Amino acid sequence: MQQTPCTIVKKERLIPGQTSKLVISCPHIAKKAQPGNFVILRVSAQGERIPLTIADADPEAGTITMVYLVMGKSTAHLETLEEGDALHDLCGPLGQATHIEQVGTVICVGGGTGIAAMHHIAKGHQRAGNHTVAIIGARSKNLLLFEHELKSFCDEVLIATDDGSYGHKGFVTQVLEERLKTDKTVKEVVAIGPVPMMEAVSKTTKPFGVKTTVSLNSIMVDGIGMCGACRVSVGGQVKFACVDGPEFDGHQVDFGELRQRLAAFKPQEALSFEAFKE
Ligand code: FES
């Protein structure tokens, strides 16, 4: 694990004012990063520690890619940085890498910024020789991320938008369910995105008995299993998402508890964000 100041070599505003992509120079992390790993960064010495899943890694160029949603004070502060600026520090790669083996057909479901995180995992499944199907969704076409990146290596990319402006009108779970009804070669489903989406995907796959992996975005502080902030319940057992995960069996996760814990600091987060904007 390395902790070092890292420079932003490329910044792309994917959805202006809402979602951005950063390519960061950090050769040591780029060399070791595996699909499923995440990093924790700070913009300043007093800043909050922000966990972000690695969306891509290029060991030759010595860079990693991350995508974030501006949703509070810390990500708004991150959004003020431009190409050439350096993060205060970056710690990683953290978490367990995705378990990837050649199994047949794997469906990777992504929603919102989770599509970017899912991209690295889908790439791993493709490299392992799996028939890789991506199902991605957003509220409308202009909010859809990483479509072209996924189309460059996935065997199939299926799209759903809530308003029907692109692809299937409706949710990714409807596209997934239709596929599971007709395709018995599917051996695993991976889902990354908002908690309600990952819960819905897990409910959709359960009757089909298909292994389902979700990547949990619980609140994190140290990222090394010491503080307990990222505690989740999986199969009735306490797990720490930062060291035991972040990926778990979606059929075993207590999503209700996860939702409750994620909402615990909402009022304080809102106050802090308002103060930052003034
Ligand atoms: Fe502290 Fe996981 S973030 S135990």
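Colleague: Which residue in β7 stands opposite Ala57?
Modeller: This is a predicted model. β6 pairs with strand β7 (residues 63–69) in the antiparallel sense, over three bridges. Opposite Ala57, in β7, stands Ile64.

Colleague: Which strands stand at the edges of the open sheet?
Modeller: The open sheet has four strands in the order β2-β3-β7-β6, with antiparallel pairing. An edge strand has a single partner, so one side of it is left without a neighbour in the sheet. That applies to β2 (7–15) and β6 (56–58).

Colleague: What does the twist average from one strand to the next?
Modeller: The sheet in question is the open one, β2-β3-β7-β6. From one strand to the next, its twist averages 20°.

Colleague: How many of the residues of strand β4 (residues 38–42) are buried?
Modeller: Take the two faces in turn. In a regular strand, side chains alternate between the faces of the sheet. On one side of β4, Phe38, Ile40 and Arg42 are buried, and on the other Val39 and Leu41 are buried too. So the strand is largely enclosed by the rest of the structure, and the buried count is five of the five.

Colleague: Which residue is the bridge partner of Phe38 in β8?
Modeller: β4 has two antiparallel pairings to separate here. Four bridges join it to strand β5 (residues 50–53), where Phe38 stands opposite Thr53. Four bridges also join β4 to strand β8 (residues 89–94). In β8, the partner of Phe38 is Leu94.

Colleague: Which residues touch the most other members of the largest nonpolar core?
Modeller: That core holds 34 residues. Domain 1 (2–94) and domain 2 (105–212) both contribute to it, so the core lies between them. The residues touching the most other members are Val109 and Leu216.

Colleague: What does Val109 touch, not counting residues up to four places away in sequence?
Modeller: Val109 is one of the two core residues that touch the most other members. Its contacts beyond four places in sequence include Met118, Ile135, Val172 and Leu176. The rest of the list is Val189, Val190, Ala191, Ile192, Met197 and Val201.

Colleague: Why is α6 roughly antiparallel to α8?
Modeller: Two packed helices are described by the angle between their axes and the distance between the axes. Helix α6 (residues 195–205) and helix α8 (residues 255–262) have axes 11 Å apart. Val195, Met198, Glu199 and Ser202 in α6 meet Phe255, Leu258, Arg259 and Leu262 in α8. Angles over 145 degrees count as roughly antiparallel, and the angle here is about 180°.

Colleague: Is Val157 buried or exposed?
Modeller: Val157 sits in strand β11 (residues 156–161). It touches Ala134, Ile136, Leu150 and Lys151, leaving out residues up to four places away in sequence. The cut-off for buried is under 20% relative accessible area. At 17% relative accessibility, Val157 is therefore buried.

Colleague: What separates the C-alpha atoms of Val157 and Val238?
Modeller: Along the chain, Val157 and Val238 are 81 residues apart. In space, their C-alpha atoms are separated by 35 Å.

Colleague: How does Gln126 count by relative accessibility?
Modeller: Gln126 belongs to helix α3 (residues 114–127). Outside its neighbours within four places in sequence, Gln126 contacts Thr132, Phe153, Cys154 and Asp155. Buried needs under 20% and exposed needs over 50%. Gln126 has 25%, so it counts as partly exposed.

Colleague: What separates the C-alpha atoms of Gln126 and Gln102?
Modeller: Gln126 and Gln102 are 24 residues apart along the chain. Their C-alpha atoms are separated by 9.1 Å.

Methods: Residues are numbered from 1 along each chain as its sequence is written. This is a predicted model: local features need pLDDT of at least 70, side-chain atom pairs count only at pLDDT 80 or more; totals for chains, interfaces and linings use all residues. Side-chain values use heavy atoms; hydrogens and water are left out. Buried means under 20% relative accessible area, exposed over 50%, partly exposed in between (1.4 Å probe, protein chains only). Contact means heavy atoms within 4.5 Å. Two strands pair if DSSP finds at least two bridges between them. A nonpolar core is a set of buried Ala, Val, Leu, Ile, Met, Phe, Trp, Tyr and Cys residues joined through side-chain atoms within 4.5 Å. Domain bounds come from an automatic or database domain assignment. Axes are lines fitted to C-alpha atoms, for helices over the stretch in contact, and angles run from 0 to 180 degrees between N-to-C directions.
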